[in-house]
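Let's take a look at what's hiding inside this protein, and then at a few spots where the backbone does something unusual. Keep the structure open while you read.

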Amino acid sequence: MNRTAFYDLHKKLKAKFVEFAGFEMPLFYEGYGILEETLWTRSRASIFDVSHMGRFIVKGPSAKDFLDYSFSNSLSKLRGKISAQYTLILNERGGIIDDAYIYKLEEDKYLVVVNASNREKDLNVLNKRKDGFLVEISDESERLLQVAFQGPLSLEIISKVMGKDITGAKRNMVFFYGDVIVATTGYTGEKGVEIYAKYEDLMRILEEIMSFEGVRWAGLGARDILRTEAGYPLYGNDIDENTDPISAELGWFVSFEKNFVGKQALENLKPTLRRKGLVYEGRGIIPKKRDEIYYKGEKVGYITTGVFSPNISSVICMGYLPADLIGEVSVVSRGREISMRITSFPFVNLPKW
């Protein structure tokens with residue numbers, strides 16, 4: 001099993017480890033637990049090790065054109081400090097090979113961040129698509145590491161650590177401190193940053209961050225609840241190669257004014273199901289992936305994610321349902337029937353920034 005460069009630090013902090021995408025990753029830390037780490041992130045600030053993610057550098061005279069062709073979103077939307085965007089890499093059928101973030105580093109140089117489980121697959125796909133483009137792709141996942149620092153206190157603290165006030169920053173902004181990249185992106189819905197740097201630089205930054213009151217580490221358990229509360233999909237659970245962006249409610253990240261792989265399939269698509277939220281107010285059985293959803297006795301959809309949200313004291317789920325369906329549905333989980341209400345994303349109030 002793989003380990004990130006911060007494994008020894010996690011062990012020192014008495015993390016409970018779990019296998020994820022081939023990596024031994026912290027699930028939570030001794031003395032806290034998943035729910036407390038979730039609440040802490042929404043009220044203070046938490047550090048997440050996300051160095052298991054895949055990181056590619058794409059550069060060359062054709063870098064922009066290549067990425068516009070290979071991904072669904074348009075890099076023409078990037079302006080000034082707004083230099084990062086969420087995007088999708090699709091197959092010819094319009095299915096989602098992976099979701100990713102692209103950061104503009106220079107005029108012809110970009111950082112592409114992909115899911116850990118898809119790192120090798122994505123690299124192969126991109127290499128196959130680069131014929132005819134003047135572009136180089138390098139896998140920098142081992143050299144360029146990544147942590148997320150998320151929560152209401154994060155921008156104030158990182159401003160003090162880096163010596164530059166970014167407390168008024170908007171989402172998807174990118175700042176450079178020598179070889180260190182700090183971007184206002186993340187997977188929690190909270191204000192926060194993701195930091196990319198070599199191990200030595202990142203350790204120095206982390207040591208400073210950890211010296212501030214209100215900062216803790218958090219694991220994959222809290223990260224999963226936080227992303228669900230925000231309505232963010234997880235690859236392999238809520239989206240995959242058999243899921244299209246329209247059905248997944250990710251149409252915002254598809255730019256039809258340009259040419260890209262999968263465009264023709266999406267233009268002719270007539271999806272019947274959409275990714276929606278479901279909520280059961282209170283504690284109870286937490287539905288799991290593939291649990292069936294019924295409406296008036298008829299099977300109409302299925303669950304993809306289910307968690308308990310300590311921030312609203314409710315069981316919350318994502319699933320695929322008919323686009324026009326509203327109201328109450330039944331979910332069958334572990335032989336029991338649960339009544340859940342269809343709702344929109346996000347499940348919790350998130351900061352507007």
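In this predicted model, the count comes to one cavity of 30 Å³ or more. The largest cavity has a volume of about 40 Å³.

So who sits around it? The lining is made up of Met25, Pro26, Tyr29, Phe48, Asp49, Ala218, Gly219, Leu220 and Arg223. Sorted by character, six of these residues are nonpolar, one is polar and two are charged. Three elements each give at least two residues to the lining: strand S2 (23–29), strand S3 (45–49) and helix H7 (220–230). S2 supplies the largest share, with three residues.

Now for the backbone. Most residues other than glycine have a negative phi, and most peptide bonds are trans. Two residues here go the other way on phi, as the table shows.

| Residue | Phi | Where to find it |
|---|---|---|
| Glu249 | about 60 degrees | loop between H7 and helix H8 (263–267) |
| Arg334 | near 55 degrees | loop between strand S18 (328–333) and S19 |

Are these two residues buried or exposed? Glu249 has 33% relative accessibility, so it counts as partly exposed. Arg334 reaches 54%, and because the cut-off for exposed is over 50%, Arg334 counts as exposed.

One more thing to find: which residues does a cis peptide bond join? They are Phe345 and Pro346, with omega at about -5 degrees. To locate Pro346, look in the segment after strand S19 (336–343).

Conventions. Residues numbered from 1 in each chain as written. Predicted model: local features only at pLDDT ≥ 70, side-chain atom pairs only at ≥ 80, totals over all residues. Heavy atoms only, no water. 1 Å grid on protein atoms, 1.4 Å probe; cavity = no way out; pocket = protein on both sides within 12 Å on 5 of 7 lines; lining within 4 Å. Points joined across faces, edges and corners; volume = space filled by probe spheres on them. Helix = DSSP H or I, 4+ residues; strand = E, 2+ residues; numbered from the N terminus. Nonpolar A, V, L, I, M, F, W, Y, C, P; charged D, E, K, R; others polar. Buried < 20%, exposed > 50% of the residue type's maximum accessible area, 1.4 Å probe, protein only.
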